[in-house]
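Here are my notes on this model for your bench file. Please read them with the structure open beside you.

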Amino acid sequence: MVSATDESRLSRQPESGRPDIAVSFEFFPPKTDAMEERFWASLSRLAPLGPRFVSVTYGAGGSTRERTLRMVSRITNETGVPAAAHLTCVGATRDQVDDVVRGYAAAGVKRIVALRGDPPEGVGHAFTPHPHGYNSAADLVAGIRKLGDFDISVAAYPEKHPQSADWDADIDNLKRKLDAGADRAITQMFFENGDYWRFVERAHKAGITAPIVPGVQPIHSFRQIAGFAGRCGASIPQWLADRFEGLDDDPETHALVAAAVAAEQVTELLDSGITEFHFYTLNRSNLVLALARLLGIRP
């Protein structure tokens with residue numbers, strides 16, 4: 001028997017009765033021919049889902065600048081899918097960053113994910129602005145706004161940025177980025193939905209009204225994702241670590257557990273009223289395709 005609670009859940013509603021769901025996908029620039037082949041294969045499977053945009057990351061200190069530009073240009077010109085290019089201000093002058101923005105515009109790219117970026121030494125080291133560069137992500141957003149009519153996304157941190165002194169400083173930094181002209185915030189990956197909702201509540205209390213889109217990380221490799229989490233300040237709950245314990249040499253079970261974990265997180269967010277999702281694909285499509293289907297998104 002279906003309970004009243006089940007009937008009220010969005011994930012249990014017929015797809016025709018659900019609100020419109022918006023998704024976006026993040027990729028990184030491939031380093032080898034084989035990786036590039038996988039990039040385009042994954043993109044070709046996800047593009048028919050009609051994402052709001054597909055973003056391509058930007059390496060530390062602009063190390064993938066040319067590859068990022070090449071990939072977003074091809075996505076824009078060959079697939080018809082809106083492309084968003086990441087941009088940081090680490091180790092570059094304002095003029096250099098502005099030239100990158102103009103290059104994106106010339107390639108037809110009108111969406112930018114504006115990030116301060118991590119110092120070359122890695123997360124945990126102090127950020128030192130270039131003496132002739134942008135001082136912060138908010139400063140970068142304001143600079144982009146002066147150069148054209150771009151759709152701008154910025155980062156948010158449900159567990160607080162590792163370098164924020166406290167929650168007030170963290171939320172104030174987010175507000176400055178949005179007040180500078182950003183259209184939305186996309187969160188760092190998180191695995192406890194409660195962290196996301198507490199963050200949103202803090203943001204709303206601070207007067208932030210822009211969308212805060214949850215960034216969802218399917219766990220293609222628990223060991224790899226745990227390493228990423230350690231470097232970016234995202235925590236791995238013990239219950240999550242327990243689910244993957246002993247599965248390093250059992251890829252089939254690992255994949256099934258990963259699908260279950262991601263499905264649980266996404267459907268819970270959907271049932272809580274979330275209608276926008278950003279997926280970190282790691283240039284893979286299988287799990288993201290399955291999650292899109294759970295959200296009611298079809299090619």
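Is Trp 167 buried, partly exposed or exposed? Trp 167 is partly exposed, at 23% relative accessible area. Keep in mind throughout that this is a predicted model.

1. **Trp 167 and its partners.** The search of the whole structure finds eight aromatic pairs. One of them joins Trp 167 and Phe 199. Their ring centres are 6.0 Å apart and their planes meet at 55°, so the pair counts as tilted. Trp 167 belongs to helix α6 (residues 167-179), and Phe 199 to helix α7 (residues 193-205). The two residues are 32 apart in the chain, so this pair links distant parts of it. Phe 199 is buried, at 0% relative accessibility. Trp 167 also has a charged neighbour: Arg 202 lies over the face of its ring, 4.0 Å from the ring centre.

2. **A stacked pair.** Phe 222 and Phe 244 also form an aromatic pair. This one is stacked, with 5.0 Å between centres and 10° between planes. Phe 222 is in helix α8 (residues 222-232) and Phe 244 is in helix α9 (residues 238-244). The residues are 22 apart, and the pair again links distant parts of the chain. Both Phe 222 and Phe 244 are buried.

3. **Other rings.** Phe 25, Phe 277 and Phe 279 are joined into a cluster by ring pairs. Elsewhere, Lys 110 lies over the face of Phe 150, at 4.6 Å from the ring centre.

4. **Cysteines.** How many disulfides does the structure hold? The structure holds zero. Why is Cys 89 not bonded to Cys 232? The closest cysteine sulfur to that of Cys 89 is in Cys 232, and at 18 Å it is too far for a bond. A disulfide would need the sulfurs within 2.5 Å. Cys 232, for its part, is in no disulfide. Both side chains are worth a look for accessibility. Cys 89 is buried, with a relative accessible area of 1%. Cys 232 is buried as well, at 16%, because the cut-off for buried is under 20%.

5. **Helix α11.** Which residues of α11 (residues 286-294) are buried? They are Leu 287, Val 288, Leu 289, Leu 291 and Ala 292. The elements that cover these buried residues include β1 (22-27), α2 (33-46), α10 (251-271) and β9 (276-280). After α11 comes Gly 296, which has a positive phi near 90°.

6. **The second largest pocket.** This pocket holds about 280 Å³ of space. It is lined by 14 residues. The closest to its centre are His 220, Ala 255, Arg 284, Asn 286 and Leu 287. Elements that give two or more residues to the lining are α2, α10 and α11. Of these, α10 gives the most, with four residues. Leu 287 thus appears twice in this note: it is among the buried residues of α11, and it is among the residues closest to the pocket centre.

7. **Helix α5.** The buried residues of α5 (residues 137-147) are Ala 137, Ala 138, Asp 139, Leu 140, Val 141, Gly 143 and Ile 144. They pack against β3 (83-87), α4 (94-106), β4 (111-114), β5 (151-156) and α6. One residue of α4 to check is Gly 103. Gly 103 is partly exposed, at 24% relative accessible area. Gly 103 and Thr 32 are 71 residues apart in sequence, with 24 Å between their C-alpha atoms.

8. **Asn 193.** This residue sits in helix α7. Is Asn 193 buried or exposed? Asn 193 counts as buried, at 5% relative accessibility. Beyond its neighbours within four places in sequence, Asn 193 is in contact with Gln 265, Glu 268 and Leu 269.

9. **Backbone points to check.** Most residues other than glycine have a negative phi. Which phi does Lys 160 have? Lys 160 has a positive phi of about 75°. Lys 160 lies in the loop between β5 and α6 and is partly exposed, at 22% relative accessibility. Asn 283 has a positive phi too, of about 65°. Asn 283 is placed in the loop between β9 and α11, and is buried, at 1% relative accessibility.

Terms used. Residues are numbered from 1 along each chain as its sequence is written. This is a predicted model: local features need pLDDT of at least 70, side-chain atom pairs count only at pLDDT 80 or more; totals for chains, interfaces and linings use all residues. Side-chain values use heavy atoms; hydrogens and water are left out. Buried means under 20% relative accessible area, exposed over 50%, partly exposed in between (1.4 Å probe, protein chains only). Rings of Phe, Tyr and Trp (its six-membered ring) pair if their centres lie within 6.5 Å; planes under 30 degrees apart count as stacked, over 60 as edge-to-face and the rest as tilted. A charge sits over a ring if NZ of Lys or CZ of Arg is within 6 Å of the ring centre and within 35 degrees of the ring normal. Contact means heavy atoms within 4.5 Å. On a 1 Å grid over the protein atoms alone, a cavity is a set of points where a 1.4 Å probe fits but cannot get out, and a pocket is an open set with protein on both sides within 12 Å along at least five of seven lines; lining residues have an atom within 4 Å of a point. Grid points are joined across faces, edges and corners, and a volume is the space filled by probe spheres set on the points.
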